[in-house]
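Thanks for coming. I will go through one model, starting where the chains meet and then moving to individual strands and charged pairs.

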There are 2 protein chains.
Amino acid sequence: MTGRLICTGLGPGDPDLISVRADRLIRGARHVAYFRKAGRQGQARRIVEGMLAPGVEELAMEYPVTTEIPFDSPAYNALLSAFYDRWTQALRTRVEAGQEIIVLCEGDPFFYGSFMHLHVRLKDVIPVEVLPGIPGMVGCWNVLGAPVTWGDDVLSVLMGTLPEAELIRHMRSADALAIMKTGRNLPRVRRALAAAGRLQDAWLVERGTMPGERMLPLSEMEDADCPYFAIVLVHGRGRRPVAEDAA
Amino acid sequence: MTGRLICTGLGPGDPDLISVRADRLIRGARHVAYFRKAGRQGQARRIVEGMLAPGVEELAMEYPVTTEIPFDSPAYNALLSAFYDRWTQALRTRVEAGQEIIVLCEGDPFFYGSFMHLHVRLKDVIPVEVLPGIPGMVGCWNVLGAPVTWGDDVLSVLMGTLPEAELIRHMRSADALAIMKTGRNLPRVRRALAAAGRLQDAWLVERGTMPGERMLPLSEMEDADCPYFAIVLVHGRGRRPVAEDAA
């Protein structure tokens, strides 16, 4: 029995930013699995386009359609949980039969990644390995071409889904900010940044390191324009900077 | 004139975690540059051991020796600033003569990286490109084998050099924590975690993804044992978790 599950972090989107080890595993894979919305190609699958060997078996783990169920309802949780349970069983059966399955995940799998729902169910049952990747936010701040933190800067990573008062509190106390899950929460994120006095420093980066990449000052954006794959970034202020004082 | 400066993020330490693009650039380089302490091999240079082509020219940018000057003194800043100015001039001259120089930097260059001191001086003068890498903290939480954040968790990245009261305040308000620049600040970091009620959840990861890698609960560590290449991590608590509620 040599089966195992290897989750590879794919990084921010540019396939050239995948790690050497993940690249080798993906190109040599006989079975790959990835999450996607029903009817879509999926972001992870798109990143590895052209890298998969001929004849590879693809397991598309399609999220259940939930358009009519609120995201925070018990029914939504039950539906998602059954979905993860089903794939847990399917992957376990395959790995126990000796298959090596490469799971493809955008960014870094342990940083807000969906893979954790399979990881928690499988890690003590079958061999599971996780390879780190460059998180999406790192790709986005690279696109902006300036250091996001230096000196003693505090960086806080926030979800746009947090309550507005909590967003404001964190925005006031950190030096640098990365705000994810923006999309339809973007108007609230913008109000919170304005209240915290940081709106003028905020950038929106959409599809960072990918085709169609776009960046603009958040203050210049229309409220109606709420891209999904977007991260809001505020650069640090370099607390106790070392060389710039004297530069 | 085809010269340019390319700073490659090397990731957390394991050379297999370097990006495909950085790996290609490093193996094909004719000139490489890296920071190091005088008399040491240096962490960046160690990561690429065995990857450099025969005959490559190595530029070791050795930090000035500062053992007798306090880190926060104007004299220290002046010394460091002169050091960066000197290398700015040296690299500029080479690039203007047509050289392509690959600068090797651990982790991600824009995330608390020393390269920023050259970047700020050179970016408008010669062609400068920066490739992102997996930050050291991402390699460290991968070593611990569990998701660091999920749901609506807030992650705060803190420097161990911050005042204790400020550390406590941030440790209380974030869900997940990554604390860098530990070393001789470790006793203060530990006191702050205890005051914030998070010490029992804290891990110390030393040389994550590198030979000699070590991890242990911070509460079990001796105060005298203050490793330099170490990061303290506290996992998030999964605010509004999606599937685990029902699992």
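In which sense do strand β6 of chain A and β6(B) pair? They pair in the antiparallel sense, over 3 bridges, with β6 of chain A covering residues 155–159. Within that pairing, V157(A) has L155(B) as its bridge partner. Please keep in mind that this is a predicted model.

Now the interface as a whole. On the chain B side, 65 residues are in contact with 65 residues of chain A. The two chains bury about 5300 Å² between them, and 59% of that is on carbon and sulfur atoms. The rule finds 26 residue pairs in polar contact across the interface of chain B and chain A, both residues being at pLDDT 80 or more. Several elements of chain B each supply at least two residues to the side that touches chain A, among them α1 (20–28), α4 (116–122), α5 (136–144) and α6 (164–173). The largest share of that side, 6 residues, comes from α3(B). By class, the side of chain B that touches chain A has 36 nonpolar, 14 polar and 15 charged residues.

There are also 4 salt bridges across the interface of chain B and chain A. In one salt bridge, the side chains of D16(A) and R24(B) meet at 2.7 Å, N to O.

Next, salt bridges within the chains. Over all chains, the count by this rule is 36. In chain A, E129(A) forms a salt bridge with R21(A), with the closest N and O atoms 2.9 Å apart. That pair links distant parts of the chain: E129(A) is in strand β5 and R21(A) in helix α1, 108 residues apart. E129(A) is partly exposed at 26% relative accessible area, and R21(A) counts as partly exposed at 21%. Both residues belong to a network of salt bridges that links R4(A), R21(A), E100(A) and E129(A).

In chain B, I will take the pair of E129(B) and R4(B), a salt bridge with its closest N and O atoms 3.1 Å apart. E129(B) lies in strand β5 of chain B and R4(B) in strand β1, so the salt bridge ties together parts 125 residues apart in sequence. E129(B) is partly exposed, at 25%, and R4(B) is partly exposed, at 27%.

Another chain B salt bridge joins the side chains of D85(B) and R121(B), at 2.8 Å, N to O. Here helix α3 holds D85(B) and helix α4 holds R121(B), so parts 36 residues apart in sequence are tied together. D85(B) is partly exposed at 41%, whereas R121(B) counts as buried at 15%.

Back to chain A, and strand β8. Why is β8(A) described as largely enclosed by the rest of the structure? Because 4 of its 5 residues, 202–206, are buried. β8(A) runs antiparallel to β10(A), residues 230–234, and 5 bridges join them. L204(A) has V232(A) as its bridge partner in β10(A). β8(A) is also joined by 4 bridges to β9(A), residues 214–217, again antiparallel. There E206(A) stands opposite R214(A).

Finally, two loops of chain A. E220(A) lies in the loop between β9 and β10, and is exposed, with a relative accessible area of 56%. Q99(A) lies in the loop between α3 and β4. Its side chain makes a polar contact with the side chain of R94(A), at 2.9 Å.

Notes:
Residues are numbered from 1 along each chain as its sequence is written. Chains are lettered from A and ligands numbered from 1 in the order in which they are written. This is a predicted model: local features need pLDDT of at least 70, side-chain atom pairs count only at pLDDT 80 or more; totals for chains, interfaces and linings use all residues. Side-chain values use heavy atoms; hydrogens and water are left out. Contact means heavy atoms within 4.5 Å. Buried area is the accessible area (1.4 Å probe) that two parts lose on being put together, summed over both. A polar contact is a pair of N or O atoms within 3.5 Å; within protein, one must be able to donate a hydrogen and the other to accept it, and residues adjacent in sequence count only if both atoms are side-chain atoms. Ala, Val, Leu, Ile, Met, Phe, Trp, Tyr, Cys and Pro count as nonpolar, Asp, Glu, Lys and Arg as charged, and the others, Gly among them, as polar. Two strands pair if DSSP finds at least two bridges between them. Buried means under 20% relative accessible area, exposed over 50%, partly exposed in between (1.4 Å probe, protein chains only).
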